[in-house]
Amino acid sequence: MIPPDFRQSVVDIVGAAFVRDDAGALELYGADALKRGHPPDLVALPATTAHVSALARLCDYHRAPLVVRGGGTGYTGGSVPVHRGLLVSMERMNRIVEIDTHNLLAVVEPNVITGDLQDAVERVGLFYPPDPASLRESVIGGNVAECAGGPRAFKYGTTRRYVLALEAVLPTGEVVRTGSKAVKNVVGYDLTQLLVGSEGTLAIITQIVLRLVPLPPVQSTLRATFCDVRDAVAAVDGLLRARVVPATLELVDRDCLEAVARYLGASLAPEGTGAVLLLEVDGLREAVVEESRRVEEACRAAGATEILRAASAGEREALWRVRREISPSLKVISPARLNHDLVVPRGRVPELFDLIERARREFRLRIACFGHAGDGNIHVNIMVRAEEPGEIERAHEAERRLFEGVVALEGSISGEHGIGFAKAKYLSIELSPATIALMKRVKQAFDPHGILNPGKIFPED
Ligand SMILES: Cc1cc2nc3c(=O)[nH]c(=O)nc-3n(C[C@H](O)[C@H](O)[C@H](O)COP(=O)(O)OP(=O)(O)OC[C@H]3O[C@@H](n4cnc5c(N)ncnc54)[C@H](O)[C@@H]3O)c2cc1C
């Protein structure tokens, strides 16, 4: 619990205008997209690494919990201060420090909005590929802390691949630098990659050096519809056998299509469609033409009922609409849905769909699926009608069954969203006691007093 003079010490560090403890702020900063919030005692808005370091030192001294917040779009409660304490919102540290067109890199403060960075680098012919669907609200620091993925991960990889170096503040207040601006660096342990995906539990990231790539000159968007999700999965397999690596390869299943149709009052796919694949290929013109041809061929061979190719930016937007409307549609239909990001090795996606079908039948639930078919990463939404007796309990049983199932398929219970507090109790389904113990020793080395983001990743005793 924070001591009486704690507030004044925080004011001394960041200034009174940047300390909030009114009820509205505590509610706002206490929740993320999981919608299971918990208010902090106090919110501080630092502007510099020195501020962050002083705040960490203060919290460590008082053994007060410190939780870092980026854009607040996490799906597992990562930035929710479940043990109260100080919520440090990085929103004032939002500058693009440098875009180095010669060395193909960008230096940014943590709270640069991902989409803003993409726009800025594209203006100079460069490309920052990681594209979580939340890219207009989430920030680079949050993306690094969660190792965010997105539709383009199939060809370009996740956030991890683009992080070259970090400046970070340890929970004890020391400032460390990891990695360098060079694309090769093998000196000592790779602390940069340890911090990527550490969910704000090891250090507070205050600056990030990101690798950029040249902007692909041409892009082509296609949409293929199928009677059944299995045909769509077969098309993905055919594409890979044809050695095509689309930039994106997104799948939408029948339940999602129905949810979108209900939400919009009109269907976006032809009658009888059971699955949609959205594909984008990018690169040099000749390659894009050839790859688009191979994509069409593979989709046709797998039984596509319709293939559309966008001829303009407007048409591209129209083809993507079905994918963009999924989240709002599912939210409206089932506000209490359980939303998971299961992942299996690509070749085992058909078995993942068998697993989901068995869960649908056994637990009498609607389970709507969409996601990154090329990565084997499927967003599985267990729809819950809160008013239906016993449905939430059945949904949780189905959830556990699915987690056990993906691990048996050599996959993982989370490909993108992390563990936070929402999935902490399921950690041991995937990790052995020895692995968990090792991770806890790593945590202890960074955070000897356990003040940084307590209650996350590891189940609480
Ligand atoms: C509509 C929607 C679509 C989404 N689509 C995707 C998707 O396609 N792919 C995907 O991977 N995720 C997706 N997400 C989940 C979410 O956007 C990502 O996890 C994102 O990376 C979180 O970033 P954020 O800035 O909002 O972080 P927050 O939610 O603020 O924080 C997330 C975690 O990062 C930590 N953190 C934040 N900033 C720092 C920092 N500077 N230093 C250390 N730790 C920090 C926090 O403590 C917390 O543990 C989606 C979410 C929504 C709501």
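**Entry 1. Domains**

I began with the term domain: the bounds used here come from an automatic or database domain assignment. I noted next that the model is a predicted one. I then looked up how the protein chain is divided, and I found domain 1 (6-89), domain 2 (96-214), domain 3 (218-327) and domain 4 (334-408). I also looked up one distance between domains: the C-alpha centres of domain 1 and domain 3 lie 42 Å apart.

**Entry 2. The place of the ligand**

I asked between which domains the ligand lies. Domain 1 and domain 2 both give residues to the shell around the ligand, so the ligand lies between these two domains. I counted 33 residues around the ligand, and I recorded that Val-68, Gly-70, Gly-71, Thr-73 and Ser-134 come nearest.

I then turned to the elements that build the shell. β3 (66-69), α5 (140-146) and β10 (204-211) each supply at least two residues of the shell. The largest share comes from α5, which gives five residues. By class, I recorded 12 nonpolar, 17 polar and four charged residues in the shell.

**Entry 3. Polar contacts of the ligand**

I looked up which protein atoms lie opposite the oxygen atoms of the ligand. A ligand oxygen is 2.6 Å from an N or O atom in the side chain of Ser-134. At Gly-71 the partner is a polar backbone atom, 2.8 Å from an oxygen of the ligand. At Gly-149 the partner is also a polar backbone atom, and the distance to a ligand oxygen is 2.9 Å. I then checked the surface of the ligand: taken alone it exposes 990 Å², and the protein buries 95% of that.

**Entry 4. Salt bridges**

I asked how many salt bridges the structure holds. The number is 36. I examined three of them in detail.

In the pair I took up at the start, the side chains of Glu-109 and Arg-95 meet at 3.3 Å, N to O. Glu-109 is in the loop between β6 (105-108) and α4 (114-122), while Arg-95 is in the loop between β4 (86-89) and β5 (96-100); the two are 14 residues apart. Glu-109 has a relative accessible area of 9%, and it counts as buried because the cut-off is under 20%. Arg-95 is partly exposed, at 49%.

I went on to Glu-280 and Arg-316, whose side chains meet in a salt bridge at 2.7 Å, N to O. Glu-280 lies in strand β14 (residues 275-283) and Arg-316 in helix α11 (residues 313-324), so this pair ties together parts that are 36 residues apart in sequence. Is Glu-280 buried or exposed? Glu-280 is buried, with a relative accessible area of 2%. Arg-316, at 25%, counts as partly exposed.

My last pair was Arg-366 and Glu-258, with a salt bridge of 3.4 Å, N to O. Arg-366 is in the loop between α13 (349-363) and β17 (367-372), and Glu-258 is in helix α9 (residues 254-264); they are 108 residues apart. Arg-366 is partly exposed at 33% relative accessibility, and Glu-258 is partly exposed at 41%. I noted that both residues belong to a network of salt bridges, in which Asp-253, Asp-255, Glu-258, Glu-357, Arg-360, Arg-361 and Arg-366 are linked.

**Entry 5. Ser-329**

I looked up where Ser-329 sits, and I found it in helix α12 (residues 326-333). Its relative accessibility is 0%, and Ser-329 therefore counts as buried. I compared its place with that of Asp-131: the two are 198 residues apart in sequence and 21 Å apart in space, C-alpha to C-alpha.

**Entry 6. Positive phi angles**

I turned to the backbone angle phi. Most residues other than glycine have a negative phi. I recorded two residues with a positive value. Glu-199, which is not a glycine, has a phi of about 55°. I located Glu-199 in the loop between α7 (191-195) and β10. Glu-199 is buried, with a relative accessible area of 7%.

The other residue is Ile-457, whose phi is near 70°. Where does Ile-457 lie? Ile-457 lies in the segment after α16 (433-446). Its relative accessible area is 12%, and I entered Ile-457 as buried.

Key. Residues numbered from 1 in each chain as written. Predicted model: local features only at pLDDT ≥ 70, side-chain atom pairs only at ≥ 80, totals over all residues. Heavy atoms only, no water. Near = heavy atom within 4 Å. Polar contact = N/O pair within 3.5 Å; in protein donor to acceptor, adjacent residues only side chain to side chain. Areas by Shrake-Rupley, 256 points an atom, 1.4 Å probe, with all protein chains shown as cover. Helix = DSSP H or I, 4+ residues; strand = E, 2+ residues; numbered from the N terminus. Nonpolar A, V, L, I, M, F, W, Y, C, P; charged D, E, K, R; others polar. Salt bridge = Lys/Arg side-chain N within 4 Å of Asp/Glu carboxyl O. Buried < 20%, exposed > 50% of the residue type's maximum accessible area, 1.4 Å probe, protein only.
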